Amino acid sequence: MTVSPAAGRLWLPYAQMQTAPAPLVARWTDGARIGLEDGRVLIDGIASWWTACHGYNHPHIRAAVSAQLERMPHVMLGGLVHEPALRLAERLSALLPGDLGRVFFAESGSVSVEVAIKMAVQYWLNRGQRGRTKLIAFRGGYHGDTLATMAVCDPEEGMHSLFSGVLPQHHIVDLPCDPASEAALDALLAERRGEVAAILAEPLVQGAGGMVFHDEAVLRSLRRLADRHGVLLILDEIFTGFGRTGTMFACEAAGIVPDIVTLSKALTGGTMALSAAVAREAVFEAFLSDDPMRALMHGPTFMGNPLACAAANASLDLFELEDRLAQVAAIGDQLRAELEPCRALPGVRDVRVRGAIGVVQLDRFPALTPLKQALAAEGVWVRPFRDVVYLTPCFTIGESEVSVLTGAIRRVLRSAF
């Protein structure tokens, strides 16, 4: 077997290295644009996996990271703390709803979900209930690629199906989107009361599982059922947090407070790797004890990295200084108007928009490589997956740039089917 030399020694994500086409080589970024080594410039429609909410190379974030680099690029958070992490934890606590105020930092979204799962299970262990080790998660959900997070993703989604039989077994059920599915979840929680530690869900939008939307009533149902049956509610806001769905955090749209929330992606404005699992006071208090083994025994080496915390603090500055949510609303209006014509195209099953997320749902799983190549040839960086072509642009993108993105999707889909 031979491997294409196009990627050099890199082992690329989500790519069959024997058959994958040559990756494009990025040289620079600015705003909503990616400059390639071959001289082409692409308008980025997905903000580098939904992270670069303020656009690339924002001068305020760049200045904050540069200043922090001069002072202290890194110090361990074990036995030491530093001002950027302390300030960021305070700001997140003030920004999140309710009493979500105990912030545990990590480096990646997957790890923050792992930490949240560990918190939930140990919460019950510390309270003397050893059997509560299972989670309830939902079909269509995605929470990461590590072993623990794969176990709470949709098992039929495909990406992790190879590991069936290896992963821990949890309860993967339908979201309570109607009376029947709510009754089924209620019955499951009653039946498994002694073994369920927490419910885990992506609020309003299930992202990497297929860009599937649900409404605020679903979140209120989850909170109500969690309270009724005495289990924790974890909301994975790695994708939805920091304005993507139209409110700063998706849970705010439903007026609920989860027991633990996970954050990453746009936390640093797409500049540095950082994530957080943030718990309510009641969860945190279960870890307070004279017994050192009842502490949360977890500590990623680069957790609370000062450079990443400086970037995140600068990103939060921008949400305060500039009306990002108004920009999200305007992007949503434009996506709604300019993607709607796709509904009449052959091969299109649905068009939907929430906040700065625009989705064109196809009626089949297409050949993705030629679709991606056709979009790049149109001058846009859009990465369809499964049966969806979607846009999640930066919030600072220009109106004309959005039109280039939506126009490219319309033309490519018109030719593809």
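The paragraphs below lead through a predicted model, from the overall fold to the nonpolar core, the salt bridges and the annotated positions.

The chain is built from 13 helices and 16 strands. Because a compact globule of 417 residues would have a radius of gyration near 22 Å, the 21 Å found for this chain agrees with that expectation. Along the principal axes, the C-alpha trace spans about 60 × 55 × 50 Å. Buried residues make up 52% of the 417 residues, and the accessible surface comes to about 18200 Å², with 56% of that area belonging to carbon and sulfur atoms. As for how the sequence is brought together in space, residues 24 or more positions apart account for 72% of those contacts in the chain that have a separation of 6 or more.

The interior can be followed through the largest nonpolar core, which has 117 residues and in which M211, F242 and L413 have the most contacts. The largest share of this core, nine residues, is supplied by helix α4, which covers residues 109–126. M211 shows how such a position is surrounded: once its neighbours within four places in sequence are left aside, this methionine is in contact with W50, V205, Q206, F239, R352, I357, V359, F385, V388 and Y390.

Charged pairs form another set of links. Side chains of opposite charge can pair when their charged atoms come close. A search of the whole structure finds 24 salt bridges, and among them is the pair of D317 and R91, whose closest N and O atoms are 2.8 Å apart. D317 lies in helix α10 (residues 306–321) and R91 in helix α3 (residues 83–95), so this salt bridge ties together parts of the chain that are 226 residues apart in sequence. R91 has a relative accessibility of 16% and therefore counts as buried, the cut-off being under 20%.

A further salt bridge joins R280 to D99, with the closest N and O atoms 2.6 Å apart. This pair also links distant parts of the chain, since R280 is in strand β12 (residues 275–280) while D99 is in the loop between α3 and β4 (100–106), 181 residues apart. Both partners are partly exposed: R280 has a relative accessibility of 24%, and D99 has a relative accessible area of 31%.

R280 has another acidic partner in D259, and here the closest N and O atoms are 3.9 Å apart. Because D259 lies in the loop between α8 (250–254) and β11 (260–263) and R280 in strand β12, the pair ties together parts that are 21 residues apart in sequence. D259 is buried, with a relative accessible area of 10%, whereas R280, at 24%, is partly exposed. Through salt bridges that share partners, D99, R223, D227, D259 and R280 are joined into one network.

The annotated positions come next. An unreviewed UniProt entry places the feature "binding site" at G109, S110, D236, P300 and T301. Of these positions, G109 is found in helix α4, and S110 lies in helix α4 as well; this is the helix that gives the nonpolar core its largest share of residues. G109 counts as buried at 13% relative accessibility, and S110 counts as buried at 17%. Their surroundings can be listed with residues up to four places away in sequence left out: G109 touches I238, S264 and S275, while S110 is in contact with H143, G144, D145, T146 and T149. One of the contacts of G109, S275, falls within the residue range of strand β12, 275–280, the strand in which R280 lies.

The last position to consider is N305, in the loop between α9 (281–285) and α10. N305 is buried, with a relative accessible area of 9%, and, apart from neighbours within four places in sequence, this asparagine is in contact with P73, H74, H82 and M272. The helix that bounds this loop on one side, α10, is also the helix that holds D317, the partner of R91.

Methods:
Residues are numbered from 1 along each chain as its sequence is written. This is a predicted model: local features need pLDDT of at least 70, side-chain atom pairs count only at pLDDT 80 or more; totals for chains, interfaces and linings use all residues. Side-chain values use heavy atoms; hydrogens and water are left out. A salt bridge is a side-chain nitrogen of Lys or Arg within 4 Å of a carboxyl oxygen of Asp or Glu. Helices (H or I, at least four residues) and strands (E, at least two) are DSSP runs, numbered from the N terminus. Buried means under 20% relative accessible area, exposed over 50%, partly exposed in between (1.4 Å probe, protein chains only). A nonpolar core is a set of buried Ala, Val, Leu, Ile, Met, Phe, Trp, Tyr and Cys residues joined through side-chain atoms within 4.5 Å. Contact means heavy atoms within 4.5 Å. The radius of gyration is taken over C-alpha atoms; the globule rule is 2.2 Å times the number of residues to the power 0.38. Accessible areas come from the Shrake-Rupley method with a 1.4 Å probe; for residues, only the protein chains shown count as cover. UniProt positions are given in the numbering used here, feature names are shortened, and annotations may be inferred rather than shown by experiment.
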